[in-house]
Amino acid sequence: AHAFAAGWKKLVELPPATLPSASACTLAAFDKSLDTLNTVAPRLKRQLLDAGVTCIAIDGRTSLEEAELLRAMADALECPIPPFLMDAA
């Protein structure tokens, strides 16, 4: 919830929102959301990616799964970013 709230603050053009339930967070819902979000203006796409970065970096650690989900989100928004190279440590 803390990460969601921090990320949402990056979306300055949107009203406050609450974290969806875990059961609502399905891959199909995520895919449908990305289709909708791909229609927004480029400045909002940048805010969305910034919000995603904020969410995954809030705890000071980024897992490979988080990084790849962000990369997939960026690709779906037609703002691709290169693959991440994770430190083996």
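**Exercise 1. Compare the radius of gyration of the protein chain with that of a compact globule of 89 residues.**

Solution. Start with the rule: the radius of gyration is taken over C-alpha atoms, and a globule is expected to follow 2.2 Å times the number of residues to the power 0.38. For 89 residues this gives a value near 12 Å, and the protein chain has 13 Å, which agrees with a compact globule. Next, look at the box: along the principal axes, the C-alpha atoms fill roughly 40 × 25 × 25 Å.

A word on what you are looking at: this is a predicted model, in which local features need pLDDT of at least 70 and side-chain atom pairs count only at pLDDT 80 or more, while totals for chains, interfaces and linings use all residues. Residues are numbered from 1 along each chain as its sequence is written, and side-chain values use heavy atoms, with hydrogens and water left out.

**Exercise 2. Find the helices and strands of the protein chain, and give their order.**

Solution. Helices (H or I, at least four residues) and strands (E, at least two) are DSSP runs, numbered from the N terminus. Counting them gives 4 helices and 0 strands. Read from the N terminus on, the order is α-α-α-α.

**Exercise 3. Describe the surface, burial and contacts of the whole protein chain.**

Solution. First, the surface: by the Shrake-Rupley method with a 1.4 Å probe, where for residues only the protein chains shown count as cover, the accessible surface is about 6400 Å², and 63% of it belongs to carbon and sulfur atoms. Second, burial: a residue is buried under 20% relative accessible area, exposed over 50%, and partly exposed in between (1.4 Å probe, protein chains only). Of the 89 residues, 20% count as buried. Third, contacts (heavy atoms within 4.5 Å): among those with a separation of 6 or more, 55% join residues 24 or more positions apart.

**Exercise 4. Explain why cysteine 25 and cysteine 55 form no bond.**

Solution. A disulfide is a pair of cysteine sulfur atoms within 2.5 Å. The cysteine sulfur closest to that of cysteine 25 belongs to cysteine 55, but it is 11 Å away, so the gap is too far for a bond. By this rule the count is 0 disulfides. As for its surroundings, cysteine 55 is partly exposed, with a relative accessible area of 27%.

**Exercise 5. Work out what glutamine 47 and threonine 54 in helix α3 touch, leaving aside residues up to four places away in sequence.**

Solution. Begin with glutamine 47, which lies in helix α3 (residues 42–57). Its relative accessibility is 14%, so glutamine 47 counts as buried. Beyond its sequence neighbours, glutamine 47 touches Lys10, Leu11, Val12 and Glu13.

Now move along to threonine 54, also in helix α3. Threonine 54 is buried too, at 17% relative accessible area. With neighbours within four places set aside, its contacts are Ala6, Gly7 and Lys10.

**Exercise 6. Is alanine 57 buried or exposed, or in between, and how far is alanine 57 from alanine 3?**

Solution. Alanine 57 sits in helix α3. Its relative accessible area is 38%, so alanine 57 is partly exposed. Alanine 57 and alanine 3 are 54 residues apart in sequence, yet their C-alpha atoms are 8.4 Å apart in space.

**Exercise 7. Locate alanine 17 and name its contacts.**

Solution. Alanine 17 is in the loop between α1 (2–8) and α2 (27–37). With 38% relative accessible area, alanine 17 is partly exposed. Not counting residues up to four places away, alanine 17 touches Phe4 and Trp8. From C-alpha to C-alpha, alanine 17 and phenylalanine 4 are 9.3 Å apart, with their positions 13 residues apart in sequence.

**Exercise 8. What is the phi of glutamate 78, and where does this residue lie?**

Solution. Most residues other than glycine have a negative phi. Glutamate 78 has a positive phi of about 60°, although it is not a glycine. Glutamate 78 is placed in the segment after α4 (64–76). Its relative accessible area is 59%, so glutamate 78 is exposed.
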